[in-house]
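Happy to walk through this one with you, question by question. Have the viewer open as you read.

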Amino acid sequence: MTIKHEVPSYLTQHGIGPWGDYLEQIDRVTPYLGNLARWVETMKRPKRILVVDVPIERDDGTIAHFEGYRVQHNTSRGPGKGGVRFHQDVTLSEVMALSAWMTVKNAAVNVPYGGAKGGIRVDPKTLSQGELQRMTRRYTSEINIIIGPNKDIPAPDVNTNEQIMAWMMDTYSMNQGSTASGVVTGKPISLGGSLGRREATGRGVFVVGCEAAAKRGLNIHGAKVAVQGFGNVGGIAARLFSEAGAKVVAVQDHISTVVRSSGLDVAALQAHVNETGSVAGFKGGEEISDRAQFWAVDCDILVPAALEQQITVENASSIRAKIILEGANGPTSPAADDILHEKGVLVVPDVIANAGGVTVSYFEWVQDFSSFFWTEDEINLRLTRIMREAFTAVWQLAEEKKVSLRTAAFIVACTRVLQAREMRGLYP
Ligand SMILES: NC(=O)C1=CN([C@@H]2O[C@H](COP(=O)(O)OP(=O)(O)OC[C@H]3O[C@@H](n4cnc5c(N)ncnc54)[C@H](OP(=O)(O)O)[C@@H]3O)[C@@H](O)[C@H]2O)C=CC1
Ligand SMILES: O=C(O)CCC(=O)C(=O)O
């Protein structure tokens with residue numbers, strides 16, 4: 001039996017990267033928070049950080065150790081809420097940042113949650129199904145003490161899905177001694193999942209995309225759309241834009257980039273990805289070898305829906321889109337954001353653009369508590385209404401204060417969080 005030793009990443013990577021981007025944004029909005037600015041230290045400090053060792057026995061009998069995290073950034077407005085990510089580049093710094101993003105996002109769309117996020121530093125593609133299940137269950141047991149339907153409710157994120165949520169719900173329930181369907185969202189429908197949750201994030205991206213296009217006088221029918229990431233968020237967003245008559249002219253995943261100026265057949269591309277695991281080798285478009293060229297593709301709407309830190313000072317100037325819809329969390333670095341602003345590109349920030357997922361997670365949680373389930377039409381109508389209202393409120397504030405949509409979204413959200421904190425009388 002071999003034991004794998006690794007230097008815990010939080011010892012080497014704490015405090016850099018996306019966490020720094022988040023802090024920079026908080027500093028930018030502080031002047032707009034009036035009397036509440038005295039509470040802003042709250043937003044700069046995650047409330048609770050749990051780092052866990054996740055050992056599993058591999059199929060060949062060896063033992064592997066993975067580093068897992070759950071960070072509860074803020075719980076002033078309700079229980080922690082946010083997804084769990086399985087990825088080889090996950091670090092504590094990243095999960096801290098993503099948990100803070102959840103605090104802001106949940107407040108921006110006014111769902112009654114604080115912010116949280118989790119992750120395991122692992123490439124799940126290297127695990128068998130059995131190993132994946134053992135790792136998920138061990139991770140859930142390790143974070144069991146801080147999660148719960150009224151404490152902190154995980155959900156899917158990168159490389160996690162309904163099956164992972166089912167294992168998490170089952171493990172938590174076994175530890176509690178009773179079935180607790182409300183402990184996670186994004187579950188299979190048969191276990192109390194919600195209709196429309198799988199599509200919700202991509203649908204939200206599409207809804208705010210239509211709102212933004214209307215503001216810019218752009219017709220969705222015939223608009224050229226480029227999408228980075230063809231997973232849950234990017235795949236659904238691409239499908240909905242295509243069904244609305246837009247031309248999806250470029251799609252990139254972590255292996256390849258396919259382009260077609262007259263528009264890719266998104267359904268055929270999805271079938272190809274389902275079969276092969278990647279857009280690589282898709283015959284209905286041209287593969288381009290220089291990945292960086294994706295950013296310079298001729299398009300009206302760009303949807304980064306993969307990972308953070310994708311739009312940087314290196315590629316921001318080459319972007320030709322009029323509108324960017326941030327499907328991913330934190331895809332744009334602050335310096336790149338400034339370049340886009342200078343160029344007049346309308347950036348709909350992640351905390352609004354991709355909030356459809358957590359909105360339907362909220363619907364799922366409510367349905368689980370009441371054991372009464374809504375139709376897909378009811379869910380999509382409510383989702384559309386919340387997304388439009390959030391977009392409009394942020395748009396109006398941006399106009400009034402003459403700031404970007406991102407800054408406006410942070411002002412709306414931080415004000416809600418800090419007011420809740422003040423009313424509760426929590427002192428630093
Ligand atoms: N799922 C949800 O409900 C929500 C997700 N988000 C955010 O959306 C983003 C995507 O999440 P989700 O769709 O769930 O994740 P998935 O795991 O379903 O899909 C991720 C996609 O991104 C691609 N990708 C990964 N790395 C790169 C890279 N370096 N360059 C290009 N493409 C890459 C993957 O390609 P490949 O398959 O080749 O690895 C895959 O197509 C994340 O930032 C997530 O935090 C935000 C709100 C909710
Ligand atoms: O559905 C949820 O609870 C959270 C989804 C998520 O992780 C996100 O919005 O980034």
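**Labels and the values behind them**

Q: How many residues surround ligand 1, and which are the closest?
A: In this predicted model, ligand 1 is surrounded by 25 residues. The closest are Gly-229, Gly-231, Ala-306, Ala-328 and Gly-357.

Q: What makes up the shell around ligand 1 by class?
A: The shell holds nine nonpolar, 14 polar and two charged residues. Gly-229, Gly-231 and Gly-357 are among the closest residues, and Gly counts as polar here. Helix 8 (residues 232–243) gives the largest share of this shell, three residues.

Q: How do you know which domains the shell around ligand 1 draws on?
A: At least three of its residues come from each of domain 1 (9–180) and domain 2 (198–348).

Q: What surrounds ligand 2?
A: Here the shell has 13 residues, with Gly-83, Ala-155, Asp-157, Val-358 and Ser-361 the closest. Strand 3 (80–87) and helix 12 (356–370) are the elements that give two or more residues to it. By class, that shell splits into two nonpolar, eight polar and three charged residues.

Q: Why is Lys-117 called buried?
A: The cut-off for buried is 20 or more other C-beta atoms within 10 Å. Lys-117 has 32 of them, so Lys-117 is buried. This residue lies in strand 4 (residues 115–121), and the unreviewed UniProt entry annotates Lys-117 as "active site". Leaving out residues up to four places away in sequence, Lys-117 touches Val-71, Gly-82, Gly-83, Val-95, Leu-98, Ser-99 and Met-102. One of these contacts, Gly-83, is also among the closest residues to ligand 2.

Q: Why does Cys-414 count as buried?
A: Set its 26 C-beta neighbours inside 10 Å against the threshold of 20, and Cys-414 therefore counts as buried. You will find Cys-414 in helix 14 (residues 405–424). Apart from neighbours within four places in sequence, Cys-414 is in contact with Val-29, Leu-33 and Met-43. Its C-alpha atom is separated by 8.9 Å from that of Leu-36, though the two are 378 residues apart along the chain.

Q: Why is Gln-176 called partly exposed rather than buried or exposed?
A: Exposed would need 12 or fewer neighbours, and buried 20 or more. Gln-176 has 13 inside 10 Å, so Gln-176 counts as partly exposed. Its place is in helix 6 (residues 162–176). The C-alpha atoms of Gln-176 and Asn-144 are separated by 9.2 Å, with their positions 32 residues apart along the chain.

Q: Which residues have the most contacts inside the largest nonpolar core?
A: They are Ala-108, Val-225, Ala-237 and Ile-352, in a core of 124 residues. Helix 4 (residues 92–108) provides the largest share of this core, eleven residues. The core also draws at least three residues from each of domain 1 and domain 2. As for Ile-352, its contacts beyond four places in sequence are Ala-108, Val-208, Ala-390, Phe-391, Val-394 and Ala-409.

Q: How do you know where domain 1 and domain 2 lie relative to each other, and what makes up their contact?
A: The C-alpha centres of domain 1 and domain 2 lie 26 Å apart. The contact takes seven residues from domain 1 and six from domain 2. On the side of domain 1 that touches domain 2, helix 2 (18–29) gives the most, with four residues. That side has four nonpolar, one polar and two charged residues.

Key
Residues numbered from 1 in each chain as written. Chains lettered and ligands numbered in written order. Predicted model: local features only at pLDDT ≥ 70, side-chain atom pairs only at ≥ 80, totals over all residues. Core = buried A, V, L, I, M, F, W, Y, C linked by C-beta atoms within 7 Å. Domains from an automatic or database assignment. Contact = placed C-beta atoms within 7 Å. UniProt positions renumbered as here; feature names shortened; annotations may be inferred. Near = placed C-beta within 6 Å.
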